[in-house]
Amino acid sequence: MPETTSAPCAPEDVRRIACIGAGVIGGGWVAHFLARGYDVTAWDPAADAEDKLRRLVAAAWPALEQIGLAEGATQDRLTIAPTLAEAVADADFVQESAPEKLELKRSLLAELAAATRPGVVIASSTSGYPMTDMQTAAEDAGRLVVGHPFNPPYLIPLVEVVGGEQTDPEAVAWASRFYDVAGKSVITMDRELPGFIANRLQEALWREALHMVANGEASVEDIDASITEGPGLRWAFMGPCLTFALAGGEGGMAHMLDHFGPSLKSPWTRLEAPELDRELRDAMVDGCREAAGDRTYADLVAARDQGVIDVLRATGRLGSTR
Ligand SMILES: NC(=O)C1=CN([C@@H]2O[C@H](COP(=O)(O)OP(=O)(O)OC[C@H]3O[C@@H](n4cnc5c(N)ncnc54)[C@H](O)[C@@H]3O)[C@@H](O)[C@H]2O)C=CC1
Ligand SMILES: C[N+](C)(C)CC(=O)CC(=O)[O-]
């Protein structure tokens, strides 16, 4: 049964956000919230977390300046808390981005629910765990929701929001409204699906990519080019369903299905996951190294950020959400 919750402030009145876990995604969230003019308090148990986080935010800042900072937004509004309890003490909203390990998420969310002011909504960045499985140890589980972002959260608009069996629907509605106010493009799901929507789709593509590399059927570089030079260009502004409706010409989706529907049964896909053995792992790692050439991680992040900004600008989506 959902536990009821009552958030201490409206989504529009959020001032301080706690980001728990400050790696790739937690750091990306920190950059996003700072750029939107919030006060952010971060906590991460790693010894080098503060250095890494400040580097990540500094690297993201030029992209954020380019798309426009909120009034008063500054990196100086980031505080690193010495303990989890201090990080969440004054928070109006909590975004958890700790490693994707179910037991860790369970105990961390329980600890967060115990330390955070009553009613404050706590969102997990999990890539695929249903909240029902993560909220089992928490006393006050009604305010726990999934808020699944995309890398980097400071540029990719989408957040998928969904609750678990014990989540109060009010908390889901509050989180969706909050992300909207905070400049994200929100999909609110009314039921739990492992992987939510986008990762379920990405995972299908990813499995096929791994199959092709494992079987020596295509190189990492060709797989990437097949998307960036092909369907990826369309997907930036029109999803896979509508683009395929256009494949049916004036006959639309009806003709497309009558024409190409039977190929659904053809063995184009092999949706059993391949064994991620050492050989496949190394082939993927080597292939990505080759594809990156002499570009460093920082070079690739800068190129990706600029690419996303260019696409958002070209498709008229800078400063607006869906
Ligand atoms: N990397 C990605 O592309 C995406 C990741 N996510 C999700 O975001 C979450 C974080 O993933 P990443 O940032 O990629 O991982 P990461 O490994 O880059 O960062 C995880 C951070 O959590 C810290 N940490 C370790 N134990 C902790 C604890 N008990 N409490 C708080 N922090 C702790 C680590 O020190 C590290 O800084 C995961 O749930 C993941 O599924 C969601 C969308 C995309
Ligand atoms: C790799 N990943 C499954 C963690 C990716 C995501 O969850 C979303 C994204 O950024 O594509």
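Contact, as the word is used here for the two domains, means that heavy atoms lie within 4.5 Å of each other. The model under discussion is a predicted one. By this criterion, 14 residues of domain 1 are in contact with 11 residues of domain 2.

**Domains and their interface**

The protein chain is divided into domain 1, residues 11-188, and domain 2, residues 198-314. Taken over C-alpha atoms, the centres of domain 1 and domain 2 are separated by 28 Å. Between domain 1 and domain 2 an area of about 980 Å² is buried, and carbon and sulfur atoms give 53% of that area. On the domain 1 side, the residues that lose the most area to domain 2 are Q66, F150 and L155, which together account for 41% of what that side buries.

With regard to polar interactions, six residue pairs are in polar contact between domain 1 and domain 2, both residues of each pair being at pLDDT 80 or more. Zero salt bridges are found across the interface of domain 1 and domain 2.

The side of domain 1 that touches domain 2 receives at least two residues from each of α2 (49-67) and β7 (158-163). Of these elements, α2 contributes three residues, the largest share of that side. By residue class, the side of domain 1 that touches domain 2 consists of nine nonpolar residues, four polar residues and one charged residue.

**Ligand surroundings**

Ligand 1 is surrounded by 23 residues, and the closest are I25, D44, E100, K105 and S127. Ligand 2 has around it S127, H148, P149, F150, N151, N199 and Q202. S127 is thus named among the closest residues to ligand 1 and also among those that surround ligand 2. F150, one of the residues around ligand 2, is also one of the domain 1 residues that lose the most area to domain 2.

The table lists distances from oxygen atoms of the ligands to N or O atoms of the protein.

| Ligand | Residue | Protein atom | Distance |
|---|---|---|---|
| Ligand 1 | I25 | backbone N or O | 2.9 Å |
| Ligand 1 | D44 | side-chain N or O | 2.5 Å |
| Ligand 1 | K105 | polar side-chain atom | 2.6 Å |
| Ligand 2 | S127 | side-chain N or O | 3.1 Å |
| Ligand 2 | N151 | backbone N or O | 2.9 Å |
| Ligand 2 | Q202 | polar side-chain atom | 2.8 Å |

For ligand 2, the S127 atom belongs to the side chain, whereas the N151 atom belongs to the backbone.

**Backbone features**

Most residues other than glycine have a negative phi, and most peptide bonds are trans. Two places in the model depart from these patterns. The peptide bond from N151 to P152 is cis, with omega near 0°. P152 is located in the loop between β6 (144-148) and β7. N151, the residue at the start of this cis bond, places a backbone N or O atom 2.9 Å from an oxygen atom of ligand 2.

The second place is F196, a residue other than glycine whose phi is positive, near 55°. F196 belongs to the loop between β8 (185-188) and α7 (198-214).

Definitions and conventions: Residues numbered from 1 in each chain as written. Chains lettered and ligands numbered in written order. Predicted model: local features only at pLDDT ≥ 70, side-chain atom pairs only at ≥ 80, totals over all residues. Heavy atoms only, no water. Domains from an automatic or database assignment. Buried area = accessible area lost by both parts, 1.4 Å probe. Salt bridge = Lys/Arg side-chain N within 4 Å of Asp/Glu carboxyl O. Polar contact = N/O pair within 3.5 Å; in protein donor to acceptor, adjacent residues only side chain to side chain. Helix = DSSP H or I, 4+ residues; strand = E, 2+ residues; numbered from the N terminus. Nonpolar A, V, L, I, M, F, W, Y, C, P; charged D, E, K, R; others polar. Near = heavy atom within 4 Å.
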